[in-house]
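Grab a pencil and get ready for a few exercises on the structure shown below. Try each task yourself before you read the solution.

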Amino acid sequence: SEITLRLKNVHLNNKLKGISLKVPKGSIIGIAGLEGQGQRYLARGLFGIEQFPLGSVEFEGCPVNITNPRKAMSLGIAYISEDRDAEGVVKVLSVSENIVLTTHKDISHHTFINNRLYKTSVEDGVRQLSIKVSNVDDAVGFLSGGNQQKVVFAKWLKTQPKLLVLHEPTRGIDVQTKIEIYHLLRRLTQQGLSVILFSSDMLELIG
């Protein structure tokens, strides 16, 4: 099968040493462990926030150097952090503004936003994730934790990623929303998306 991501003997700032793994296309690779065992560093390294000074990274069979998040996004990597408040949503912005944050350039020309594309993009995101919101112009901070996390997913899925890096994606959300996210991930992998799921919840990983 095709391999989306392959790490060979990567190191990171004395926190991680000799990490190797491969992620086949359309698969979910689970990485287990208690918090503080290096998961955060590895997840952030895959998105270019941290750097791998040693080892090699291949993406879709080609050697790559993920030097920053912009490079990661250009390859087709999306990252959903465990810290939703600090790195997931911008609570003072509206639901619609959060959804289009990663794809602003696709709905605008120079400094002018195409209102039709903007509205369509937001509506598609709300529908795809079944986000419960009375008005998309309301601040995202007014939503429940589960719906805020759905906004984060909608934002990153707008980039049409090939690899989705998830760090504790269901932390602090209700059971029903967890189930919806699990079903979403299965649908996406059936369409060819690859997922790396970092979780301290063994039942979640087994599922």
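One thing to keep in mind: this is a predicted model.

**Exercise 1. Work out how α5 and α6 are oriented to each other, and which residues bring them together.**

Step 1. Find the two helices: α5 covers residues 115-129 and α6 covers residues 145-157. They pack at an angle of about 125 degrees, and their axes are 9 Å apart.

Step 2. Put a word to that angle. Angles over 145 degrees would count as roughly antiparallel, and 65 to 115 as roughly perpendicular. The pair fits neither class, so α5 and α6 are oblique to each other.

Step 3. Add the handedness: the crossing of these two helices is right-handed.

Step 4. Look at who touches whom. From α5 come Gly-125, Gln-128 and Leu-129, and they meet Lys-150, Phe-153, Ala-154 and Leu-157 of α6. Sorted by type, the contact has four nonpolar residues, two polar ones and one charged one.

**Exercise 2. Lay out the open sheet of four strands and say which strands stand at the edges.**

Step 1. Write down the order: β2-β1-β4-β5, with antiparallel pairing.

Step 2. Check the ends. β2 (16-24) and β5 (62-64) have a single partner strand each, so one side of each has no neighbour in the sheet.

Step 3. Now for the twist: from one strand to the next, it averages 20 degrees.

Step 4. Zoom in on one pair. β1 (residues 3-12) and β4 (residues 54-59) run antiparallel and are joined by five bridges. Here you can spot Lys-8 standing opposite Ser-56 in β4.

**Exercise 3. Describe where α1 lies and how well it is covered.**

Step 1. Place the helix: α1 (residues 39-46) lies across β1 and β2, and runs at about 125 degrees to β1.

Step 2. Check its cover. Six of the eight residues of α1 are buried, which leaves the helix mostly covered. The buried ones are Gln-39, Leu-42, Ala-43, Arg-44, Gly-45 and Leu-46.

Step 3. Step just past the end of α1 and you reach Gly-48, with a positive phi of about 80 degrees.

**Exercise 4. Is β10 enclosed or open, and which strands pair with it?**

Step 1. Go through β10 (residues 194-199): six of its six residues are buried, so the strand is largely enclosed by the rest of the structure.

Step 2. Split the residues by direction. Ser-194, Ile-196 and Phe-198 point one way, while Val-195, Leu-197 and Ser-199 point the other way.

Step 3. Find the partners. β3 (residues 28-32) runs parallel to β10 and is joined to it by five bridges. β9 (residues 163-167) also pairs with β10 in the parallel sense, over five bridges.

Step 4. Look at Leu-197 in β10. This residue is the bridge partner of Gly-30, and it is the bridge partner of Leu-166 as well.

**Exercise 5. Is Val-89 buried or exposed, and what does it touch?**

Step 1. Locate it: Val-89 sits in the loop between α3 (84-87) and α4 (95-99).

Step 2. Use the cut-off. Buried means under 20% relative accessible area. Val-89 has 5%, so it is buried.

Step 3. List its contacts, leaving aside neighbours within four places in sequence: Arg-84, Asn-98, Val-140, Gln-148, Val-151 and Val-152.

Methods
Residues numbered from 1 in each chain as written. Predicted model: local features only at pLDDT ≥ 70, side-chain atom pairs only at ≥ 80, totals over all residues. Heavy atoms only, no water. Axes fitted to C-alpha atoms, helices over the stretch in contact; angles between N-to-C directions. Parallel < 35°, antiparallel > 145°, perpendicular 65-115°, else oblique. Left-handed = near helix turned anticlockwise from the far one by under 90°. Contact = heavy atoms within 4.5 Å. Nonpolar A, V, L, I, M, F, W, Y, C, P; charged D, E, K, R; others polar. Pairing = 2+ DSSP bridges. Buried < 20%, exposed > 50% of the residue type's maximum accessible area, 1.4 Å probe, protein only.
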